[in-house]
Amino acid sequence: MTQALENTRRQPFAFDNSYSRLPQHFFARQTPSRAEEPWLIKLNEPLAKELGLDVEMLKRDGAEIFSGNMVPEGADPLAMAYAGHQFGGFVPQLGDGRAILLGEVIDIHGRRRDIQLKGAGQTPFSRRGDGRAALGPVLREYIVSEAMHALGIPATRALAAVSTGQPVYREQVLPGAVFTRVAASHIRVGTFQFFAARGDAEGIRALADYVIERHYPDIKDAANPYLALFEAVSERQASLIARWLHIGFIHGVMNTDNMTVSGETIDFGPCAFMDSYDAATVFSSIDQNGRYAYASQPGIGQWNLARLGETLLPLIDPDLEKAVAAANIVIEHYGERFQIDWLRGMRDKIGLSTVEDDDLELVQSLLSAMQAGRADFTLTFLRLSHLAADNGSEAAFLATFAEPDAAAAWLGRWHERLERETWPAAERSAAMLKVNPAFIPRNHRIEQAITAAVEDADFSLFEALLKVLSRPYEEQPDFAPYMEPPKPEERVLQTFCGT
Ligand code: AMP
Ligand code: MG
């Protein structure tokens, strides 16, 4: 009995590590650094169960494990090598400078998932960084990645947040923390670029084979598996970025090292959701030229995929000209696929179940009215969903716009279009409410939650935000204020990486 208990304590994770079996130069083995006085801020119990972990044990030992102090048996901690284009400039070596992959587990659905500690100390890839993370960005990543998941958008997940009890030194002295991230994998476009930059054809092939096996097993038998891989990654990114646009998400730092090949959203540094609609919105303090503005994201996705395609060319065809031609077709498909996915989602958002040629124009004219009227992105679609079932709520919809004339004219066109739909109004409204959230992680709420935690060690706002955002499509009357856009004095205009 004692022996059995001892084993469950020592083997809380059924690790099954595959990345560490790849060639040695794919990573650097690295034990996490010690945290002085770790304290478990938050454990994501539903996710822990999904991963097949022992929740009671994690409640007891989570601070030690998720700070990196106790490396669980079976873990093979390592920092992954990668490169990347940052704001358009190529950096041949980045790598996990402050993240350590503990290992992989197979979850209860049979999916392989990475468990990674972010902020667990220096690695051979740290360059001049301290390998640490501050509490604020850790809470931001926790909130936003879990909100994305609840919104139905592929994203890495938050398993835990731990306070280290140690300060980190940025422009100010801040409390330190470690974030435990769960991902389908942490392989990025930049991982391929790492090997391409070294002319390491065998490395690229080994990585591509690994990615096919892990993420796209169906294409193993394709006539040209590497071209099929490129196509598959492009498709997932097209659909992912369309989803971002549907909910007003701005990633903020779409460097090639922050784009996964699995199709999950990763790296929630300076990301933010729009309040009032403006296609040119940029929040990130480091994005001075607006490279990663809201409406630029689909084009940047395509640019990043072209960089991935370049690394795959020698595998796609030994004849470079043929390889380039084939890759270019994939790049074009991405554009078409994005447009299809985006428009389909926008049709859903305005309650159309049939397809007409003029739908694109109808959607665009709503967006123009929103832009001109500085309408809140989320509330516009939420109120339109109400309006679909109840003509009495027209005033509430129009009140979303600072200048309602264009919106009122648009409503006339929308009603005309709906006459050619066969859906009963109540059903249409219900379907719209399934895609138009009531709650998004609004910036000012995130900032309030972070400030309370950092300044007063008060995590109640963080907890409340997590709770309301776990059911974003349900109008929870107790949390009504969380639906509101910021008051002028609450508005957050810039976000910071905080690394
Ligand atoms: P990010 O901005 O988080 O995508 O990170 C870009 C690169 O900088 C990655 O290689 C990170 O590992 C590295 N990095 C970011 N913050 C730190 C830090 N505090 N210490 C060491 N490396 C870091
Ligand atoms: Mg990154």
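Are Asn258 and Asp267 buried or exposed? In this predicted model, both residues are buried, and they make a friendly starting point for a tour of the structure.

## The magnesium site

Asn258 and Asp267 share a job of coordination: the magnesium ion (ligand 2) is held at 2.1 Å by OD1 of Asn258 and an OD atom of Asp267. Water is not among the atoms, so the site may look incomplete.

## Enclosed space

Asn258 turns up again when we look for enclosed space. Searching the whole structure gives three cavities of 30 Å³ or more. The largest cavity holds about 70 Å³, and 13 residues line this space. Closest to its centre are Gln237, Trp244, His251, Asn258 and Met259, so Asn258 both coordinates the magnesium ion and belongs to this lining.

## The second largest pocket

Now for an open space. The volume of the second largest pocket is about 510 Å³. Its lining is made up of 23 residues, and those closest to the centre are Asp275, Ser276, Arg374, Asp376 and Arg491. By character, the lining splits into twelve nonpolar, seven charged and four polar residues.

## Domains and how they meet

Stepping back, the protein is divided into three parts: domain 1 covers 3-186, domain 2 covers 221-273 + 286-348, and domain 3 covers 351-499. Both magnesium-coordinating residues, Asn258 and Asp267, fall within the 221-273 stretch of domain 2.

Domain 1 and domain 3 have C-alpha centres 33 Å apart. Between them, these two domains bury about 1800 Å², with 75% of that area on carbon and sulfur atoms. Which three residues of domain 1 supply more of its buried area against domain 3 than any other three? They are Arg140, Ile143 and Leu151, which supply 36% of it. In terms of contacts, 17 residues on the domain 1 side meet 23 residues on the domain 3 side.

Terms used:
Residues numbered from 1 in each chain as written. Chains lettered and ligands numbered in written order. Predicted model: local features only at pLDDT ≥ 70, side-chain atom pairs only at ≥ 80, totals over all residues. Heavy atoms only, no water. Donors = N, O, S within 2.8 Å, 3.2 Å for Na, K, Ca; no water. Buried < 20%, exposed > 50% of the residue type's maximum accessible area, 1.4 Å probe, protein only. 1 Å grid on protein atoms, 1.4 Å probe; cavity = no way out; pocket = protein on both sides within 12 Å on 5 of 7 lines; lining within 4 Å. Points joined across faces, edges and corners; volume = space filled by probe spheres on them. Nonpolar A, V, L, I, M, F, W, Y, C, P; charged D, E, K, R; others polar. Domains from an automatic or database assignment. Contact = heavy atoms within 4.5 Å. Buried area = accessible area lost by both parts, 1.4 Å probe.
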